[in-house]
Each structure stands twice: as C-alpha cells, then as structure tokens.
Amino acid sequence: MDLEYKNDDTLLQEILQIVKSARAYSLKAVNHAMVQAYWNIGKLIFENEQKSQKRSEYGKHLIENLSLRLTEELGKGFTSANLKYMRQFYMTFPISHATGGQLPGLEISHALSDQLQNSANQIENTAFMINPILRPEISWTHYRLLLKLDKKEARDFYIDEIIENNWSTRQLERQINTHYFERIISSRDSRPVRDEANSNQPANTAKDFVKDPYILEFLDMNSGVNFLEKDLETALINKIREFLLELGKGFAFVDRHKRIKVEDDHFYIDLVFYNYILKCFILIDLKVGKLTHQDIGQMDMYVRLYEDFEKLPGDNPTIGIILCSEKNMTVAKYSVLSENENLFASKYLLHLPSIEELTRELKNEREKLEIEESLGNR
C-alpha cells in the first residue's frame with residue numbers, strides 16, 4: 001500500500017499536534033491525580049480528628065503543625081487554610097457507600113484510572129482511595145469555589161455547567177456571585193441568562209446589564225408581611241453596597257427621590273444610578289405588587305424627562321428599570337416595554353425559593369430546553 005507523502009511543514013505540524021495533545025492529557029491527568037490526593041489528605045485529617053476526644057483543640061493544632069512540616073518537606077501549597085479546604089473537600093464530596101463507590105453514569109477513563117492506581121500503589125502506610133465522584137474535567141481551583149456552596153443541588157448544577165460549557169474558574173466565580181443557579185430557574189425565559197453566562201464577551205448593552213430577577217435576599221425582609229414601597233426603598237438605601245453588587249458591574253449611586261421640576265409639576269424618581277461602562281444614567285422605580293401599564297407609562301415619562309432636563313452632553317440614552325414583586329407578561333408584551341430598548345421591568349425576589357422548588361423548576365427547565373432543541377433539529 002502506498003503511503004501518502006507529506007512535506008516537511010505538514011509533517012512538523014502533525015507531530016506538534018501529537019505532542020501538544022499528549023502534554024495536555026498528561027497535565028489533565030496530573031491535575032486530577034492531585035485533586036484526588038487533596039481529597040485523601042482531607043480524609044486523613046478528618047479521621048484523625050474524629051479519633052480525638054478533644055477534636056476542636058486537637059484539630060486546630062494538628063492542622064497548624066501539619067502545615068509547618070509539610071511546607072518544610074514539600075514547599076508551598078500546604079498552608080493551614082489549604083489543609084482546612086482539603087478537610088472540607090473530603091466532607092463535601094464523600095464516596096457513596098450505597099453504590100460501592102461508583103455512581104451511575106460517572107466514569108473515569110481506563111488510562112487515567114490506571115495512572116491513579118499506580119500512584120496509589122506507591123504510597124505506603126496510607127489508604128489512598130479514588131473517589132469516583134470527583135470529575136477529571138474539574139480543577140482544584142474549581143472545587144475550592146464549589147466548596148463555598150452549602151446546597152448539594154447547587155454544586156451538582158454548577159459541576160454539570162462547568163463540564164458542558166468548559167467554564168474557567170473566573171467564569172464559575174462570576175456565576176456563583178451573581179446567583180446563576182437561582183436566577184436561571186426563577187426566570188421565565190432562561191435563554192438570555194444562559195447566553196450571558198456562557199459568553200466570554202463583556203456585557204456592553206442595556207439588555208446585557210439588566211437582570212431578571214434581582215435577588216434582594218440581603219434585605220432580610222419578610223415577603224409574607226405587607227410593606228410599602230418606601231420601606232423597600234429605605235431597606236435598599238441602608239444596604240446600598242449589597243444592592244450595588246447585585247445590580248452588577250459599573251454602577252454608582254447618584255440620588256434618592258430625585259426631583260425633576262417641569263413648570264408647576266414636581267416628579268420624584270425613587271433611585272438614580274450611573275453606569276460608567278454604559279456611560280448613562282439608570283432610573284429605578286420600585287413597585288410592590290403586580291406590574292401595571294400605569295407603572296410603565298410613568299417610567300417612560302421619567303426617562304423622557306431625564307433625557308431633556310438632566311442628561312449630560314456625551315451621555316448615552318437613559319435607562320429605566322421598574323422593579324416589581326410580580327411581572328405581568330401580557331402588560332409587558334403589549335406596551336412600550338416590548339419596543340423600547342432602554343425600558344425594562346424586572347422581578348425582585350426577597351427570598352430564594354426552597355431547594356425542592358429550585359430542583360423541580362430546574363428539571364422542568366432542562367426538559368423544556370431538550371424539547372426545543374429536538375424540534376429545532378428536525
């Protein structure tokens with residue numbers, strides 16, 4: 001059989017590709033082996049603490065002493081804080097005894113498994129175990145971020161998203177900080193939320209910046225108790241730092257009860273912000289209850305007034321956001337909201353849904369996406 005002749009450049013590129021692929025695989029295997037090692041270190045620390053009658057004091061000194069000695073022997077990476085993370089790592093991702101250490105549908109490649117087993121055989125006097133729950137696609141830094149989550153359902157959700165969308169650690173941190181898990185299943189239309197989360201490009205339009213819903217759990221307000229819009233406004237002002245973080249990047253607080261006088265009339269805007277990325281003012285009107293067409297008309301007027309009397313030369317068009325406790329999709333669809341790119345109505349949540357509600361909605365959302373994708377492929 002005649003072999004295809006390849007010139008020097010083609011041959012070089014193919015060899016380089018083989019070497020790069022091998023190095024990438026080796027790095028991935030080594031990283032996963034270290035993740036498994038950190039889990040085993042956490043296991044040993046946890047088990048030794050459990051054997052001590054004075055666990056709290058013993059655990060504190062154990063980790064401090066281990067940190068000093070491991071740093072002397074192995075160098076950086078074994079601070080007291082890291083050792084505590086490893087202990088928490090073991091406690092958060094235990095091996096399932098009910099399935100004999102194996103989870104359905106969760107497999108490690110034979111080559112990687114063999115490599116880990118060979119490493120385990122070289123470790124003396126320790127019980128080096130392979131935890132099949134730990135995914136080879138996920139780095140130690142990813143797991144460190146996942147440890148901040150108290151809810152198993154949230155961790156499982158983010159693990160699937162990391163693997164499916166190849167999230168970097170910065171992307172994962174951004175999604176956790178913006179309550180992506182809670183937001184995607186609380187939103188009536190999750191596609192924009194998913195598109196924004198999986199985009200590496202920074203948001204640069206009004207639609208990119210405005211969230212729906214906004215999570216205002218930091219206010220500690222009881223959604224089952226009647227309160228006035230001024231109560232909500234006061235609570236937001238008292239915790240303006242947390243509210244700015246929830247609004248997103250680039251927001252600065254400008255004014256409260258901003259007054260605009262036109263002839264003999266006085267109009268008051270609840271909250272005014274400026275976004276230095278969008279280079280425009282953002283007006284926020286707070287509403288307790290369901291969105292109405294009067295609310296939309298009022299905000300449309302506020303934006304027009306601000307454009308004429310307050311906007312500075314060089315600023316981009318003013319944005320108006322109506323924050324309401326319940327959206328009316330019909331009113332939103334058949335009003336200026338549907339055609340004005342700078343007017344928005346967003347729902348706010350004073351309390352996150354329960355785990356049962358979140359997981360139920362998440363399951364429904366995924367089933368809906370699968371149906372839409374299947375129909376689109378026909």
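Helices here are DSSP runs of H or I with at least four residues, strands are E runs of at least two, and both are numbered from the N terminus. Counted that way, the protein has 15 helices and six strands. Please keep in mind that this is a predicted model.

## The overall picture

Of the 378 residues in the protein, 38% are buried. The accessible surface adds up to about 23,100 Å², and carbon and sulfur atoms hold 50% of that area. If you take the contacts with a separation of 6 or more, 65% of them link residues 24 or more positions apart. A disulfide search over the whole structure returns zero hits.

## A run of paired strands

Let us walk through the strands from β2 to β5. The table gathers their pairings.

| Strand pair | Direction | Bridges |
|---|---|---|
| β2 (residues 251-262) and β3 | antiparallel | ten bridges |
| β3 (residues 265-275) and β4 | antiparallel | five bridges |
| β4 and β5 (residues 319-326) | parallel | seven bridges |

The β2 and β3 strands make a hairpin, with two residues between them. In the turn of this hairpin, E263 has a positive phi of about 55°. On either side of the turn, V262 stands opposite D265 in β3, and K261 has H266 as its bridge partner in β3.

Further back in strand β2 lies D255. Is D255 buried, exposed or partly exposed? Its relative accessible area is 27%; buried would need a value under 20% and exposed one over 50%, so D255 counts as partly exposed. Setting aside neighbours within four places in sequence, D255 touches D270, L271 and V272. L271 is 16 residues away from D255 along the chain, yet the two C-alpha atoms are separated by 6.0 Å.

The next hairpin is formed by β3 and β4, with four residues between them. K279 in that turn has a positive phi of about 60°. Across this pair, Y274 stands opposite F281 in β4, while F273 has I282 as its bridge partner in β4.

## Strand β4 and the way to β5

How enclosed is strand β4? Eight of the eleven residues in β4 (residues 280-290) are buried, so the strand is largely enclosed by the rest of the structure. C280, for instance, has 1% relative accessibility and therefore counts as buried. As general background for reading any such strand, side chains in a regular strand alternate between the two faces of the sheet.

On the β5 side, I284 has I321 as its bridge partner. To get from β4 to β5 the chain passes through helix α13 (residues 293-309), and this β-α-β crossover is right-handed. C324 has 0% relative accessibility, so C324 counts as buried too.

## Two helices with a buried side

Helices α11 and α12 deserve a look as well. In α11 (residues 229-238), the buried residues are L232, E233, A235 and L236. These residues lie on the same side of α11, because they cover an arc of only 165° around the axis. K230 and N238, on the other side of α11, are exposed. What lies over the buried residues of α11? The cover includes α12, β2, β3, β4 and β6 (343-349), which brings the helix together with the strands described above.

In helix α12 (residues 240-247), F243, E246 and L247 are buried. Their arc around the axis is only 100°, so they sit on the same side of α12. The face of α12 turned away from that buried side carries R241 and L245, which are exposed. After α12 comes G248, which has a positive phi near 125°.

## Putting it together

To recap the strands, β2 pairs with β3 in the antiparallel sense, β3 runs antiparallel to β4, and β4 runs parallel to β5. Strand β4, which belongs to two of the pairings just listed, is largely enclosed. Helix α11 has β4 among the elements that cover its buried residues, and α12 is another one of them.

Note on methods:
Residues numbered from 1 in each chain as written. Predicted model: local features only at pLDDT ≥ 70, side-chain atom pairs only at ≥ 80, totals over all residues. Heavy atoms only, no water. Buried < 20%, exposed > 50% of the residue type's maximum accessible area, 1.4 Å probe, protein only. Pairing = 2+ DSSP bridges. Right-handed = clockwise from strand over helix to strand, strands pointing away. Arc of directions from axis to C-beta. Contact = heavy atoms within 4.5 Å. Areas by Shrake-Rupley, 256 points an atom, 1.4 Å probe, with all protein chains shown as cover. Disulfide = S-S within 2.5 Å.
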